[in-house]
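Colleague: Please take a close look at one part of this model, the loops and the charged pairs around them, and then set that part against the buried interior. I would like one connected account.

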Amino acid sequence: MAAIKISVTIIAYNEERNIERCIHSVKELADEIVVVDSYSSDTTKDICLKLGVRFIEHPFEGHVQQKNFALTQASNDYILSLDADEALSAELYETIAAIKINWTHDAYRFNRLTNYCGQWIRHCGWYPDTKLRLWDRRKGQWGGTNPHDSVQISDEATVLKIKGDLLHYSYHSLEQHVRQINSFTSISANADYTKDKRVFPLWHLFLYPPLVFLHRYIVRLGFLDGISGLMVCKSAANYKFLKYAKLWQLQKGN
């Protein structure tokens, strides 16, 4: 197959800390960069305009909806989708550059490596964290349950795992992580409630969170990531507890 053109799509909101790094990591690779912003109140827009990307403001209706809107704004069918707090590693950049010249599959997966408060996390269930982010949009689109979106590819599509890490600069402080846990658990609980999922308090509230911690910290070797690993695993348990506690409140309210 001949060389193809790639559109990079990025959704953003108040990402002045990350967006420039994200754009620079793909600037020489992309034939087009489309940033869909949900009306940031910081300098995200100024940074994007300075870097010459296509900048589109669109109301945020959910992660899945926003990313699918971004797909419709791309000029090319071959899509590389990134979050604003992500960037390509040098190895992944070279791999995708080669694929661009010789596109052989419908979609490509690669590992994501997350930086947590300045430390790269290689255990805790956070790595390799394989993501499908490079694909022919005619073969699939974003799906999943907000806020946990994923690309849903048609059954007949061919998918290849490729070398290189997608670098994820997740949280720069524990306070930021706690804020996002609170936000995401509310979104997730409401999404589950609308799907008629229900909570059984003894299991979901008392037993499940400790089991999540033990699985991530012991089975998934979170202890090898030191104090940061402990924080990640405890936060994962807290996420589960808050999600089910909020879902339980919705049930009681109904």
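Modeller: Helices and strands here are DSSP runs numbered from the N terminus, a helix needing at least four residues and a strand at least two. The model is predicted, and the account begins with the loop between strand S7 (119-121) and strand S8 (131-136), where Pro-128 lies. The peptide bond that leads from Tyr-127 into Pro-128 is cis, with omega near 15°. Asp-129 is placed in the loop between S7 and S8 as well, and it has a positive phi of about 50° although it is not a glycine. With a relative accessible area of 22%, Asp-129 is partly exposed.

Two other loops repeat these backbone features separately. The peptide bond from Asn-146 to Pro-147 is cis, with omega near 5°, and Pro-147 is found in the loop between strand S9 (140-145) and strand S10 (148-153). A positive phi, of about 65°, is found at Asp-196, which is not a glycine either; this residue sits in the loop between helix H5 (174-194) and helix H6 (201-219), where it is exposed, its relative accessible area being 58%.

From the loops we can turn to the charged pairs. Across the whole structure, 18 salt bridges are found. One of them joins Asp-31 to Lys-100, with the closest N and O atoms 2.9 Å apart. This pair links distant parts of the chain, since Asp-31 belongs to the loop between H1 and S2 whereas Lys-100 belongs to helix H4, 69 residues apart. As to their surroundings, Asp-31 is partly exposed at a relative accessible area of 38%, while Lys-100, at 15% relative accessibility, counts as buried.

Another salt bridge joins Arg-138 and Asp-77, whose closest N and O atoms are 3.5 Å apart. Arg-138 lies in the loop between S8 and S9 and Asp-77 in the loop between helix H3 (63-73) and S4, so this pair ties together parts that are 61 residues apart in sequence. Arg-138 counts as exposed, at 54% relative accessibility, and Asp-77 is partly exposed, at 25%.

The side chains of Asp-83 and Arg-133 also meet in a salt bridge, at 3.8 Å from N to O. Here the link runs between strands, Asp-83 being in strand S4 and Arg-133 in strand S8, 50 residues apart. Both Asp-83 and Arg-133 are buried. Salt bridges that share partners join this pair with Lys-67, Glu-86, Arg-112, Asp-129, Lys-131 and Asp-149 into one network. The network thus brings us back to Asp-129, the residue with positive phi in the loop between S7 and S8.

Arg-133 also leads into the interior, being among the residues that Leu-80 touches. Other contacts of Leu-80, beyond four places in sequence, include Ile-6, Val-8, Val-26, Leu-29, Leu-88, Ile-96, Phe-110 and Leu-134. The largest nonpolar core has 32 residues, and within it Ile-10 and Leu-80 touch the most other members. At least two residues of this core come from each of S1, H1, S2, H2, S4, H4, strand S6 (107-116) and strand S11 (159-171). In soluble globular proteins, nonpolar side chains tend to be buried together.

Helix H1 (residues 19-26) shows how one of these elements faces the interior: its buried residues are Ile-19, Cys-22, Ile-23, Ser-25 and Val-26. Because they cover an arc of only 160° around the axis, they lie on the same side of H1. An α-helix has 3.6 residues a turn, so residues three or four places apart point the same way. The buried residues of H1 pack against strand S1 (6-12), strand S2 (32-37), helix H2 (44-50), strand S4 (78-83), strand S5 (86-88) and helix H4 (90-101).

Cys-22 raises a last point, as the count of disulfides comes to zero. The nearest cysteine sulfur to that of Cys-22 belongs to Cys-48 and is 8.9 Å away, and Cys-22 itself is buried, with a relative accessible area of 0%. For Cys-124 the closest cysteine sulfur, in Cys-233, is 3.8 Å away, which is too far for a bond, because a disulfide requires the two sulfur atoms to be within 2.5 Å. Cys-124, like Cys-22, counts as buried at 0% relative accessibility.

Note on methods: Residues numbered from 1 in each chain as written. Predicted model: local features only at pLDDT ≥ 70, side-chain atom pairs only at ≥ 80, totals over all residues. Heavy atoms only, no water. Buried < 20%, exposed > 50% of the residue type's maximum accessible area, 1.4 Å probe, protein only. Arc of directions from axis to C-beta. Contact = heavy atoms within 4.5 Å. Core = buried A, V, L, I, M, F, W, Y, C linked by side-chain atoms within 4.5 Å. Salt bridge = Lys/Arg side-chain N within 4 Å of Asp/Glu carboxyl O.
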